[in-house]
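Student: Could you show me how to read a protein model step by step, beginning with a single residue and ending with the whole chain?

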Amino acid sequence: MKKILHVISSLNGQNSYSLALGNKIVQQLKESYPESTVVEKKLVAEDFPHLTEDRWQAIITPEENRTAAQKENIAIQEEAIKELFDADLLVVGAPLYNFGIPSQLKAWIDHLAKAGETFKYTEEGPQGLVTGKKVYIAMSSGGVYSENPGYDFVSEYLIKVFGFLGMTDVELIRVEGVAIPELREDALAKAEKEFAAILA
């Protein structure tokens, strides 16, 4: 049995290609690992908070010195980090918006990157502390960025930031060309076929 964390960051609701691909990945993972459990992290629907000055001050204030308001502010970060450590498999929906990731997904990552908990600094450099996990990135884009990577600031960023936190076993699956009429119809099926080959 595996614990699967499905992170959803699209603004397009049920019309989202990254969600459709993420759901397909989760479905196939559950078939591969029967009795697995799934936690959905709906960053947009749940209005996951961006870092603010108050929230940042709560994070950097030593635990014993935090006010009641600061403890409430930091609870969302503690929950997000716990969900991350509890998961065996991560499925991260990552639509490409204006060449980058949605701000809600960036906010989630900002909360996860906490020195002393998810990474630490050593004499040899930073060391990720979130290990032993497999990450699947379900990336969607209107254009075909696998052929024009100069404008893709999603894939490399996510692979590097997850690696920084210790998650180096990362697979990127693309559903792309969804804004191009002649490519849209087969885009999702092509991505699903790519993922099936990864699992095979």
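Tutor: Keep in mind that this is a predicted model. Let us begin with S155, which is found in helix α5, covering residues 155–164.

Student: Is S155 buried or exposed?

Tutor: A residue counts as buried when its relative accessible area is under 20%. S155 has a relative accessible area of 9%, so it is buried.

Student: Which residues is S155 in contact with, leaving aside its neighbours within four places in sequence?

Tutor: With those neighbours set aside, S155 is in contact with M139, L172 and R174. Separation along the chain and separation in space are two things to read side by side: S155 and L188 are 33 residues apart along the chain, and their C-alpha atoms are separated by 18 Å.

Student: What can I read in the same way for F162, in helix α5?

Tutor: F162 has a relative accessible area of 1%, and it is therefore buried. Not counting residues up to four places away in sequence, F162 touches V92, W108, V135, I137, M167 and V170. Its C-alpha atom is separated by 23 Å from that of N148, although the two residues are 14 apart along the chain.

Student: How should I read a sheet, and what is the order of the strands here?

Tutor: Read a sheet by its strand order and by the sense of the pairing. Here five strands form an open sheet in the order β2-β1-β3-β6-β7, and the pairing is parallel. The strands β2 (37–42) and β7 (169–176) stand at the edges with a single partner strand each, so one side of each has no neighbour in the sheet. On average, neighbouring strands of this sheet are turned by 15° against each other, if direction is ignored.

Student: How many bridges join β3 to β6, and how many are there between β6 and β7?

Tutor: β3 and β6 run parallel and are joined by seven bridges, while β6 (residues 134–141) pairs with β7 in the parallel sense over eight bridges. You can follow individual partners too: S140 is the bridge partner in β6 of P95, and the partner of S140 in β7 is V175. Similarly, Y136 has E171 as its bridge partner in β7.

Student: Which residues lie on the two faces of β6?

Tutor: K134, Y136, A138 and S140 are on one side, with V135, I137, M139 and S141 on the other, and all of them are buried, which leaves both faces covered. Counted as a strand, β6 has eight of its eight residues buried.

Student: How do I describe two helices that pack together, such as α2 and α3?

Tutor: Look at the distance between the axes, then the angle, and then the residues that touch. The axes of α2 (residues 53–60) and α3 (residues 68–86) come within 9 Å and cross at roughly 90°. These helices are therefore roughly perpendicular to each other. On the α2 side the contact is made by D54, R55, Q57, A58 and I59, and on the α3 side by Q70, N73, I74, I76 and Q77. The residues of this contact divide into four nonpolar, four polar and two charged.

Student: At what angle do α3 and α4 pack?

Tutor: Their angle is about 85°, with the axes 9 Å apart, and that makes α3 roughly perpendicular to α4. In this contact I76, Q77, A80, I81 and L84 of α3 meet W108, H111 and L112 of α4. The residues divide into six nonpolar, two polar and no charged.

Student: Where does Q104 lie, and which residues does it touch?

Tutor: Q104 lies in helix α4 (residues 103–112), and it counts as buried because its relative accessibility is 17%. Not counting residues up to four places away in sequence, Q104 touches L11, L43, V44, F48 and H50.

Student: Finally, how do I step back and read the whole protein?

Tutor: Begin with the secondary structure, which comes to six helices and seven strands. Along the sequence these follow the pattern β-α-β-α-α-β-α-β-β-β-α-β-α. The radius of gyration is 17 Å, close to the 16 Å that the globule rule gives for 200 residues, so the protein is as compact as a globular protein of that length. Buried residues make up 45% of the 200 residues. Of the contacts between residues at least 6 apart in sequence, 76% join residues at least 24 apart.

How values were computed. Residues are numbered from 1 along each chain as its sequence is written. This is a predicted model: local features need pLDDT of at least 70, side-chain atom pairs count only at pLDDT 80 or more; totals for chains, interfaces and linings use all residues. Side-chain values use heavy atoms; hydrogens and water are left out. Axes are lines fitted to C-alpha atoms, for helices over the stretch in contact, and angles run from 0 to 180 degrees between N-to-C directions. Helices (H or I, at least four residues) and strands (E, at least two) are DSSP runs, numbered from the N terminus. Angles under 35 degrees count as roughly parallel, over 145 as roughly antiparallel, 65 to 115 as roughly perpendicular and the rest as oblique. Contact means heavy atoms within 4.5 Å. Ala, Val, Leu, Ile, Met, Phe, Trp, Tyr, Cys and Pro count as nonpolar, Asp, Glu, Lys and Arg as charged, and the others, Gly among them, as polar. Two strands pair if DSSP finds at least two bridges between them. The radius of gyration is taken over C-alpha atoms; the globule rule is 2.2 Å times the number of residues to the power 0.38. Buried means under 20% relative accessible area, exposed over 50%, partly exposed in between (1.4 Å probe, protein chains only).
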